[in-house]
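I opened my notebook for a friendly look at one helix pair and at how far to trust it. Here is the entry to read alongside the structure.

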Amino acid sequence: MPEFTLATPYGTLLALIAMAGVTYLCRASGVIFMNRITIGPRLSRALRALPGSIVIATILPIAAQAGSPAFIGISAAIAVMIATRMEVAAIAAGLLAISLARFIGL
Amino acid sequence: MSRPPRPAFTLAGIRLGARLSLPLLPGAMVFASAFGAAAAQKGLELWQTMAFSATVFAGASQMVALEVWQDPWTLTGLLIVTVLVATVNARMILMGAAIQPYMVGASRGQVAAVTFVLADANWLIGMRYHGEGGRDLGVVLGAGIALWCGWLAATLPGYLAGAVVPDPERFGLDLVMPIFFAAMLVPMWKGFRPAIPWAVAGGAALVAQALIPGYAFIIVGALAGAIAGALIDDA
């Protein structure tokens, strides 16, 4: 069954509006509803665990699909980030490692 | 009950906030360039990329959204990208709740303006400033405006660079996003115990990837990690 699609560029416009809307809702709701609700320790812990969980849940499956060059690049980026604490250096190292790994045919 | 006094909201505060954001600008701008390059690789047009950065202004969610990008869009695709962005940005609810005492008494317009540019960096600046006794809400707005301008200014060259590279896979550019995310993990690291939910998230995401087509694994993994975080006592 062919699924209904939205013609270019209206689909993208709709996506941008939806994403901007939910993001603003996230930004404002904590401030606005704080008077009425309290974020308990459990919810607070869940929200604190969320950023790192998102990062891992995103990169691990993508890397698993992309194969060993991805894992080499990610390891290089993490190592350089630990050593230098500079995002630019970490990204450069990661991309360089992937380029080299792919160049030698991994 | 008397109304609490309004927090100050001055031009001097806005300027101070902009100045306080300077050390954090380079990192944000590198992220924005990486996003611009990744957006070009995914085939977004320039106006779409700039509008994305200007209205969403939340790097991690922008990067993740690119992973599920479609054009033309199906309704399912729109739903997935919206839920995904909401999941990634749910941490802002906690940030907003934490900074709310600072905004008590502020006008609706002031709250609307400050929350529009509320990001990790100026939230941190605002929390520190308020903790030290500062009462000028303009500081959060000023830092946010500076970050927003830097964010947009850096998205553009990233996009242009990403659009002209002839063979992006050769230079690993198809993997810019996971590379950047991996680097972000380093400052997030607070020891093994707080990282237990991360391991749960990773495991759940891999299982979901094997079982469910598409990119639902991000949502499944992130929620599994959050639930694990709620259940584990990290005190």
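**Helix packing.** I began with helix H1 of chain A, residues 10-32, and helix H6 of chain B, residues 91-103, in this predicted model. I found their axes 6 Å apart and packed at an angle of about 45°. That angle makes H1(A) oblique to H6(B), because it falls outside the range under 35 degrees that counts as roughly parallel and outside 65 to 115, the roughly perpendicular range. I also noted the handedness: H1(A) crosses H6(B) in a right-handed sense.

**Who meets whom.** Next I looked up the residues in the contact. From H1(A) I listed Cys26(A), Arg27(A), Ala28(A), Ser29(A), Gly30(A) and Val31(A). Facing them in H6(B) I wrote down Met92(B), Ile93(B), Leu94(B), Met95(B), Gly96(B), Ala97(B), Ile99(B), Gln100(B) and Met103(B). How do the residues of this contact divide by character? I have 10 nonpolar, 4 polar and 1 charged.

**Confidence.** I then checked the predictor's scores. Chain B has a mean pLDDT of 89, with 97% of its residues at 70 or more. Where in chain B is confidence lowest? It is lowest in H6(B), at a mean of 83, while helix H3 of chain B, residues 46-56, has the highest, at 97. For the complex I copied down an ipTM of 0.84 and a pTM of 0.80.

**Domains of chain A.** Last, I looked at the domain assignment, which gives chain A a domain 1 at 1-37 and a domain 2 at 50-106. I put the C-alpha centres of these two domains of chain A at 30 Å apart.

Terms used
Residues are numbered from 1 along each chain as its sequence is written. Chains are lettered from A and ligands numbered from 1 in the order in which they are written. This is a predicted model: local features need pLDDT of at least 70, side-chain atom pairs count only at pLDDT 80 or more; totals for chains, interfaces and linings use all residues. Axes are lines fitted to C-alpha atoms, for helices over the stretch in contact, and angles run from 0 to 180 degrees between N-to-C directions. Helices (H or I, at least four residues) and strands (E, at least two) are DSSP runs, numbered from the N terminus. Angles under 35 degrees count as roughly parallel, over 145 as roughly antiparallel, 65 to 115 as roughly perpendicular and the rest as oblique. A crossing is left-handed if the near helix is turned anticlockwise from the far one by less than a right angle, and right-handed if clockwise. Two residues are in contact if their C-beta atoms, placed from the backbone, lie within 7 Å. Ala, Val, Leu, Ile, Met, Phe, Trp, Tyr, Cys and Pro count as nonpolar, Asp, Glu, Lys and Arg as charged, and the others, Gly among them, as polar. pLDDT is the predictor's confidence in each residue, from 0 to 100. Domain bounds come from an automatic or database domain assignment.
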